[in-house]
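Colleague: I would love a close look at one part of this protein, with enough of the whole around it to place that part. Could you walk me through it?

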Amino acid sequence: MTFDYYNVWTCVQGASEDHLNWLEKALSYTRKARRGETSDSLLLRHASPPMFPSGWLLPVLDQAKRSGVSIVVNDKRKRPFHPDFSQDTSWLYPYQVEAVHKLLTADRGLLKAATSSGKGEVIASVFKMLPGRCFLLLRDASLLIQLAERISKRLGEPVGVIGADRWEGTKNRIVVATSQSINSYWHQPTGSTTGVWHNEVRGLLASFDVVAEDEVHGSACAQNQRVLQSMHNAFYRYGFSATVDGRSDKRDAYVLAQFGPIAHVSTDMEMEQAGRTAECEIVMVE
């Protein structure tokens, strides 16, 4: 069995019926549905050829190794450039430097880091070391301008903004956008199960080499999945959150689908040592 590995999808070639049955089990999970029911979900698409989200490639290969299943991987991705580790990021704390290097070494992956860990600074540093077009996806419009301004100040370059009643700077190297604003340009006729992007947005999403998402636990929703799946040329793919896994409904499977496994965890102890958070003391008063 052979896997052709692309940025968004991995295509399965030369799979026997036994291989496909094994792959179905490897890509299935049981989620908690409404009213306490259980529902089996499958991440394998029975297209021609069959395919699954590329973020699941490493977990599937791990399962194949344990099961004795032979798989050959053909990496069909085109790396647009290598990270420039010579860039100055002296403002970072040591644990942030480690996080940046782990992410860039992995090409794609998730950073699990608590609130107040400075994920915005890590994102800015990742964008600084990757010289191509970078796209940051957000769920919350209240953070849009704040993150755009922080990244612009750190890197000394203008940042495009899509959201908060703004659509500007989309030709800049870095663009920050909300999922709601991008999805307002998705047209799906009433009663249809398929839709299309407005031409301008389809071309915009295809123009980025790097995609990152903050508060990535929200990427399991259909709107975010649609945006991320449309970014076929984004070789580098990173997600950031304090809660990247452990959802009770198991839909973090879709987070992993777009970004791959956890690449690094910034621990509370590291942040305490850096003075980013304080040790908690609880006093009980009678």
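Colleague: To start with the whole, how far apart are the mean positions of the positive and negative charges of the chain? After that, please take me to helix α9: which of its residues are buried?

Modeller: Happy to, and please keep in mind that this is a predicted model. The chain carries 32 positive and 32 negative charges, and their mean positions lie 6 Å apart.

Now for the overall frame. Ten helices and 16 strands make up the secondary structure of the chain. Its C-alpha trace spans about 55 × 55 × 45 Å along the principal axes. For 286 residues, a compact globule would be expected to have a radius of gyration near 19 Å, and the chain, at 20 Å, agrees with that. Take the contacts between residues at least 6 apart in sequence: 69% of them join residues at least 24 apart. The accessible surface comes to about 14,600 Å², with 49% of it belonging to carbon and sulfur atoms.

With that in place, let us turn to your helix. In the chain, 45% of the 286 residues are buried, taking buried as under 20% relative accessible area. Helix α9 covers residues 252–259, and seven of its eight residues are buried, so the helix is largely enclosed by the rest of the structure. Going along α9, the buried ones are D252 and A253, then V255, L256, A257, Q258 and F259. Follow the chain just past the end of α9 and you reach G260, which takes a positive phi of about 85°.

Notes:
Residues numbered from 1 in each chain as written. Predicted model: local features only at pLDDT ≥ 70, side-chain atom pairs only at ≥ 80, totals over all residues. Heavy atoms only, no water. Buried < 20%, exposed > 50% of the residue type's maximum accessible area, 1.4 Å probe, protein only. Helix = DSSP H or I, 4+ residues; strand = E, 2+ residues; numbered from the N terminus. Rg over C-alpha atoms; globule rule 2.2 N^0.38 Å. Contact = heavy atoms within 4.5 Å. Areas by Shrake-Rupley, 256 points an atom, 1.4 Å probe, with all protein chains shown as cover. Lys, Arg positive; Asp, Glu negative; His and termini not counted. Charge placed at Lys NZ, Arg CZ, Asp CG, Glu CD.
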